[in-house]
Amino acid sequence: MLIAEIAGNLVIGDRSWVTPAAVAGVTGILLTLWLSRRYLSELRLAGFCRILGWVLLCGCLVNPLWSSARPRRGANVLAVVTDISRSHLVTFDDNQTRADALQDSLKRGELTEPTGWLQRIDQDFELQRYTVSDRLQRVDSFENTNFDQPASNLCSALQQLQERFSGQPLAGILLLTDGNATDQLKSDEPLKGLPPVYPVLPPEGQQPTDLAISSVAVSQTAFDDAPVTIQAQIQKVGVQNGQVQFTLLDQSGTPLETKTQDITDDSAVRFEARPETSGTVFYTVQTQLVDDDGGLIDTEATTINNQRMVAVDRGSRKRRVLYVSGRPNWEFKFLRRAVETDPQTELVGLIRIARKEAKFDFRGRDGERSNSLFRGFDQAEQEIAEEFDEPVLVRLGTKDEAELQGGFPEEAEDLFAYDAIVLDDIEAEFFLADQLQLMYEFVAKRGGGLLMMGGQESFRQGEYDRTPVGELLPVDLHREVAGPEGPVRLKLTREGWLQPWIRLRSEEAAEQARLDQMPEFVTLNATSFIRPGAIIMATVNDSSGTEWPAIVTQRFGRGRSAAVCVGDLWRWRMNEGRRRLQDFSLASRNPLDAPVAPGETPEEDLNDHARACRQLIRWLVSDVPERLDVTVSPEPSMGSGVMKLVADVRLPDFEVCDDADVQFTVKKPNGESIQLMGEPSEDTIGRFEAIVSAIEPGAYLADVTATIHNAEHEPEELTGTTGWASQPDQTEMASVTINRSLLQNIASETGGRVIDLADIDDFVSSLAHSDAPLVEVWSWPIWHQWWVFVTIVLCLAADWTIRRRHGHAWYLCPEKLFPLPVDAGHFQ
């Protein structure tokens, strides 16, 4: 790691004495070995001591120096960052919180007598103090630190420190935290540019008891009874016994449903809801720990994480469906009645009531070009009279007089204004070649939905084979298939049972009973070949057991297509009417007394056909993009509560639009509104983004206005809405345990190490002898040290003593050098 104990270096102070010292040393060693050659094997230790003493003595001739580096006092920066979030208020032992432990340590660190660990850091480094919550803030002292903030943006704080001290000698970062960050890094790359980070962990104590909602997932389906599904998942710490009670509340706080789950059950709890309004709807999921008798168990470390609010975007605009039929029929009548009760969809009908007439028919007058049925119009109105070769069409449910005035749209911007198209018993010859290609682009490019319903002029019978519309259908029309000879009955496939928009009952037994009560059908556009990737949701069987596809779907391009091969579904609705009359008469003309079939109510039974129609249309228009698509997503890398608002803007032909002014108006929970201008995205053309901080808890709503500038037309304005729920407290208190894994990862990636709060004093003491960006070199002569000469003397004394004890001591005579054996009499 970067800050570590520094190893010193041995430096030669006087290099001119290296050769003499080496010669003297080698000479002394050789002389010692030669003179002791007869006793070397016996006096090895004595020889070693003499050689060691002689080498040390010769080494002093070169003036050896001990040199090392240490942080230059006051030149390097050391940042101490304290996490002041509320997650430290968790009690760990004897009613003491982690915040209390951190406060005590910080107060001791600020003391001057005796010198606290913060003051000792300030003596050797340039100390920078910071607190981090939802933002990084510099402070002068930690004495009055309060741990009451709703966020812990640890990752963004580290990145900000890296940017602030870029090019400066930042020696390290001490991070006092429990590791429960409310933001996250996009990758580990930013950590590699940081100096060593030293996470300081507060005491953990005994494991606390806590129950928390870890996640809440929302999904929307076309299921008529409950189009919104909410799944809640819990996490538990130290909880062994009891039960978990879940409650779903609406936006006003009214309980909608309550469920109980055993504490040992780790599966998610599922709620189903049906919002009464469109737009953004908010729900709250609450949980609490109860005993077997339903009594509240109040032993949790915190109850803040026991509830979660979620936002459900139901859409603010009705989805428009264009229904084109070759003749007035029962299907349109019943489908229109079903959709009228749906606040999210709108059906626009284009019904042909008369076919084209041959040009030679009814021409009784010279020069008459218009249809004889329209004879009697004024001369000025002859231009609007129907021509001989034009069918007679009726428009139903249009928004104004101009809509569909010219029949089926011929321009992309007119057709793309719808979300889905339903073709019912209408032949391909009714459309121009360009209109058929336009429907192909409507699904593949615009992302719309197309449904073809069965009839005598649908599918292969309507000659859609080898047309653009035939290519996008999920059934293959190239080959002719023989149809049934008698009535057929409908049943669901395995895939159909799994799709909520196909089923009308939530339980399998009730759904099977409903299928058994459905009437037989006699009109079928038989096919047995489906496209690769298409899914058969339902089939029909005749009395012989032969099976044909009845409902087939597939994804195509950016949209979807479906085929309903049964051509007389209206019999289903008629059968329900007959059953109602029978039940009405059996109940003595009192509908409330009508018998109820197992698993259903009279209302459900009588509305089965309508519910099936609504679910089919909802599925067809679901996920269809709009010209102004607005989404919102959290930005955890920028901190807790930071949201990104995204608006995708498209032209009438659904080409991306990069010339628009986008304005976001965000309404806060307290009623205040802020306005933000969308900035073009750097990655996606036609996308505009804005960043908003939603640290205040509660429900947020955003109204979006996009003004499209077009040189050929007047500026066009599009509007959209979205919403989200901000819960910083729940996010901050999601976990009551210390996140050691995150802190260990940060420490290892930056070259630091994890430190316990109890060891902070010892760690600070080691910083004065550690590495840093700016260091100073210092040295001292070894031969000046007393222990060097003591070692030399001890080595020589040990050599003489050992030789004397063995009778091999040496003396120097004034006349000559010679060995004399030593005995007791000599000393006398």
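# Overview and an N-terminal contact

C49 has a relative accessible area of 11% and counts as buried (buried means under 20% relative accessible area, exposed over 50%, and partly exposed in between, with a 1.4 Å probe and protein chains only). The residue is part of helix 2, residues 44–59, where helices (H or I, at least four residues) and strands (E, at least two) are DSSP runs numbered from the N terminus. The C-alpha atom of C49 is separated by 8.6 Å from that of A797, although their positions lie 748 residues apart along the chain.

The model is predicted, so that local features need pLDDT of at least 70 and side-chain atom pairs count only at pLDDT 80 or more, whereas totals for chains, interfaces and linings use all residues. Residues are numbered from 1 along each chain as its sequence is written, and side-chain values use heavy atoms, with hydrogens and water left out.

# Salt bridges across the sequence

The structure holds 38 salt bridges, each being a side-chain nitrogen of Lys or Arg within 4 Å of a carboxyl oxygen of Asp or Glu. One of them joins K236 and D266, whose closest N and O atoms are 2.6 Å apart. This pair links distant parts of the chain, 30 residues apart: K236 belongs to strand 11 (residues 228–237), and D266 to the loop between strand 13 (255–262) and strand 14 (269–273). K236 is partly exposed at 31% relative accessible area, while D266 is exposed at 53%.

A salt bridge also connects the side chains of R352 and E427, at 2.7 Å from N to O. Because R352 lies in strand 18 (residues 345–354) and E427 in the loop between strand 20 (420–424) and helix 9 (433–444), the pair ties together parts that are 75 residues apart in sequence. Both partners have low values: R352 is buried at 3% relative accessibility, and E427 is buried at 12%.

The side chains of K491 and E547 form a salt bridge as well, with an N to O distance of 3.6 Å. K491 is in strand 22 (residues 489–492) and E547 in strand 24 (residues 547–556), so this contact ties together parts that are 56 residues apart in sequence. K491 is partly exposed at 38%, as is E547 at 44%. Elsewhere, salt bridges with shared partners join R317, R319, D419, R446 and E626 into one network.

# A buried glutamate without a salt bridge

Which side chain of opposite charge is nearest to E331? It is R571, at 8.2 Å, and E331 is buried yet has no salt bridge; in this assignment Lys and Arg count as positive and Asp and Glu as negative, with His and the chain ends not counted.

E331 lies in helix 7, residues 330–340. Its side chain reaches the backbone nitrogen of L569 at 2.8 Å. A polar atom of the E331 side chain also lies 3.1 Å from the backbone nitrogen of W570.

# Surface patches

E410, E411, E413, D414 and D434 gather in a surface patch of negative charge. Patches are made of residues with over 30% relative accessible area and no salt bridge, like charges being joined within 9 Å and nonpolar side chains (Val, Leu, Ile, Met, Phe, Trp, Tyr) within 5 Å. The place of a charge is taken as NZ of Lys, CZ of Arg, CG of Asp or CD of Glu. Within this patch, D414 is found in helix 8 (residues 412–415) and is partly exposed at 39% relative accessible area.

W786, W787, V790 and L794 make a nonpolar surface patch of about 470 Å², the accessible areas coming from the Shrake-Rupley method with a 1.4 Å probe. W786 is located in helix 19, residues 786–805, and is exposed with a relative accessible area of 65%.

# Positive phi angles

Most residues other than glycine have a negative phi. L404 is not a glycine, but has a positive phi of about 60 degrees. L404 is placed in the loop between strand 19 (392–396) and helix 8, and counts as buried at 8% relative accessibility.

F459, also a residue other than glycine, has a positive phi near 55 degrees. The loop between strand 21 (449–453) and helix 10 (468–472) contains F459, which is buried at 3% relative accessibility.

How values were computed
Polar contact = N/O pair within 3.5 Å; in protein donor to acceptor, adjacent residues only side chain to side chain.
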